[in-house]
Amino acid sequence: MNKKYQVFISSTYEDLKDERDQAIKAVLEMGHIPVGMEMFSAGDEEQWQIIARQIEATDYYVVIVGHRYGSETDEGISYTEKEYDYAKECGVPTLGFVIDNKAPWPHDKTDNDSVKKDKLDIFKAKVKSKPIHFWSNKEDLHGKVSISLIKTMNANPRVGWTRSDEAIGPEVTKEISRLSAENARLRGNIEKLEKIRNSQEDKEKEVARIMF
């Protein structure tokens, strides 16, 4: 059975667009289904409900962390961190990919605000609280996402998605056929009994008419 998994890919938006595209490409090359926050409007509370439902239905969650904390909710938490926290709350296996501090990186894709930097450091520490991978560029990220997902899928298989014609095997098809035949036989017996009962009622009515 060829099972496909849904993989939610999360990151800050503008600064990690190319890296996110590489992660999406890696998932597609594996034959699975990538889902990302760029498909929704993160600033809309109604859209967050859609994102939350997508995370609930997700088999694996990938978070890519660079040098920006990202746009924040009214609660003062970034949408990336909110998605990460919710995935963990839902029990979705999470895979973290944090940029290597030694890797070259454009200055304009880095947070300079001290408050943002502090929040980013705390978020990185949260992601690093479980095994993660460090990446240095988008090509490096592509390979590490692929390898990590393969290992996680083998070690922790999830529900996933299956084509209906593959989900129904020959045994199930045979049983459905048997039950259909049994159902038809029982309906035939019921019809015969109904005819006998109606015939007896007609005879009883006729006898009663003659006697009275």
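These legends accompany several close-up views of a predicted model.

**View 1. The open sheet and its five strands.** Follow the strands across in the order β2-β1-β3-β4-β5, and you will find parallel pairing. At the edges stand β2 (33-36) and β5 (132-135); each has a single partner strand, so one side of each is left without a neighbour in the sheet. Neighbouring strands here are turned against each other by 25° on average, direction ignored.

**View 2. Strand β1 beside strand β3.** Five bridges join β1 (residues 6-11) and β3 (residues 60-65), which pair in the parallel sense. Look for I9, which stands opposite V62 in β3.

**View 3. Helix α4 across the sheet strands.** Residues 114-127 form α4, which lies across β3, β4 (94-99) and β5. Its direction is at about 140° to β3.

**View 4. The largest nonpolar core.** This core has 21 residues, and I9, V62, I64, W135 and L149 touch the most other members. At least two residues come from each of β1, α1 (17-29), β3, β4 and α5. Another core, of 19 residues, lies apart from this one and includes I55, V63, V98 and V127. Back at V62, the residues touched are V7, F8, I9, S10, L95, F97 and L149, not counting those up to four places away in sequence.

**View 5. S146 in helix α5.** Helix α5 spans residues 138-155 and holds S146. Is S146 buried or exposed? S146 counts as buried because its relative accessibility is 14%, and the cut-off is under 20%. Leaving aside neighbours within four places in sequence, S146 is in contact with A26 and M30.

Terms used
Residues numbered from 1 in each chain as written. Predicted model: local features only at pLDDT ≥ 70, side-chain atom pairs only at ≥ 80, totals over all residues. Heavy atoms only, no water. Helix = DSSP H or I, 4+ residues; strand = E, 2+ residues; numbered from the N terminus. Buried < 20%, exposed > 50% of the residue type's maximum accessible area, 1.4 Å probe, protein only. Contact = heavy atoms within 4.5 Å. Pairing = 2+ DSSP bridges. Axes fitted to C-alpha atoms, helices over the stretch in contact; angles between N-to-C directions. Core = buried A, V, L, I, M, F, W, Y, C linked by side-chain atoms within 4.5 Å.
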